[in-house]
Amino acid sequence: MPGGRLTQQERQQIALGLADSLPYAEIARRLGRPTSTVTREVLRNGGPTAYRADLAHRATERRARRRVPASARAAESVAQSHGRDTEAVAEYAETFTTVLMASGLNKMSARVLTCLFTTDSGSLRASELAQRLQVSPASISKAIAFLESQSLVRRERDERRRDRYVVDNELFYQATIASARANDQLVETARQGVAVLGPHTPAAARLENIARFLDFISESITRAAEQARDVLHSRPE
């Protein structure tokens, strides 16, 4: 069934699909499963180059044996507001984490960011993150340091002088601008290569084309971010 757990045979089909370099969407279509199910399965079990059906199946069985007490702890420690379905929220958080991992974040950073995004306040202390995610404070600290370096999280002090980690709509704007600036550095470096390699050589022409392309993309991203910035601050109807 599409909503049930993956079987060992389905995992073997996923492994075969990966060996044939099929995209996740095609593997999912052949299994009659959502693409997110296949993506999550692969990323949580070694990624596309290291996925093994037998190891993935055993790992899932081990997680299932631990799931009941872990779910009980989570339900006790984090009460869901607005009448939300705790199981549905947990499933959504896992899907969101998988998508963030596919975009390049490591697993712990993705879990922390998901936790902050799905919290109504958009703000939690390190101890609260550790409790919600059932991990050590050191793991939270390492993930936060990376997210701060990428302008995806910012640090604030509450009234008791304790650090809180915040995600808000403005951070998306800042992260987008930071991405455009990173492109600017690539443009500058590529054009340095043009001068070094000689302006009339094939290698220099390649670098100049890359520079022109990235320059256009950077300018377009910055302009679009400025135009759309107000959207991030709109309120739901």
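This is a tour of a predicted model, from its nonpolar cores to its paired strands, a helix residue and a pocket.

**Stop 1: the largest core**

Select helices H5 (86-102), H6 (107-117), H7 (126-133) and H8 (137-149). These are the elements that each give two or more residues to the largest nonpolar core. That core holds 21 residues. H6 gives the most to it, with five residues. To see where contacts inside the core are most numerous, show the side chains of Val112, Leu113, Leu116, Leu129, Ile140, Ile144 and Val153.

Now keep Val112 and show what surrounds it. Which residues does valine 112 touch, not counting those up to four places away in sequence? They are Leu129, Leu133, Ile140, Ala143, Ile144 and Leu147.

Next, select Leu18, Val38, Val42 and Ala56. They are among the ten residues of another core, which lies apart from the largest one.

**Stop 2: glutamate 94**

Go back to helix H5 and pick glutamate 94, which has its place there. Is this residue buried, exposed or partly exposed? Its relative accessibility is 24%, so glutamate 94 counts as partly exposed; the cut-off for buried is under 20%.

Add Arg40 and Arg44 to the selection. Leaving aside neighbours within four places in sequence, these two are the residues in contact with glutamate 94. A C-alpha to C-alpha distance drawn from glutamate 94 to arginine 40 should read 7.9 Å, although 54 residues separate the pair in sequence.

**Stop 3: the strands**

Select E3 (residues 163-166) together with E1 (residues 123-124). The two pair in the antiparallel sense, over two bridges. Zoom in on serine 123: its bridge partner in E3 is valine 166.

Then add E2 (residues 154-157). E2 also pairs with E3 in the antiparallel sense, here over four bridges. On this side, arginine 155 stands opposite tyrosine 165 of E3.

Follow the chain from E2 to E3 through the hairpin. Five residues lie between the strands, and in this hairpin arginine 161 takes a positive phi near 65 degrees.

**Stop 4: a pocket**

Finish with the second largest pocket. Select Asp168, Asn169, Leu232, Ser234 and Arg235, the lining residues that lie nearest its centre. Ten residues line this pocket in total, and the space in it comes to about 280 Å³. What is the make-up of the lining? Five of its residues are nonpolar, three are polar and two are charged.

Key:
Residues numbered from 1 in each chain as written. Predicted model: local features only at pLDDT ≥ 70, side-chain atom pairs only at ≥ 80, totals over all residues. Heavy atoms only, no water. Core = buried A, V, L, I, M, F, W, Y, C linked by side-chain atoms within 4.5 Å. Buried < 20%, exposed > 50% of the residue type's maximum accessible area, 1.4 Å probe, protein only. Contact = heavy atoms within 4.5 Å. 1 Å grid on protein atoms, 1.4 Å probe; cavity = no way out; pocket = protein on both sides within 12 Å on 5 of 7 lines; lining within 4 Å. Points joined across faces, edges and corners; volume = space filled by probe spheres on them. Nonpolar A, V, L, I, M, F, W, Y, C, P; charged D, E, K, R; others polar. Pairing = 2+ DSSP bridges.
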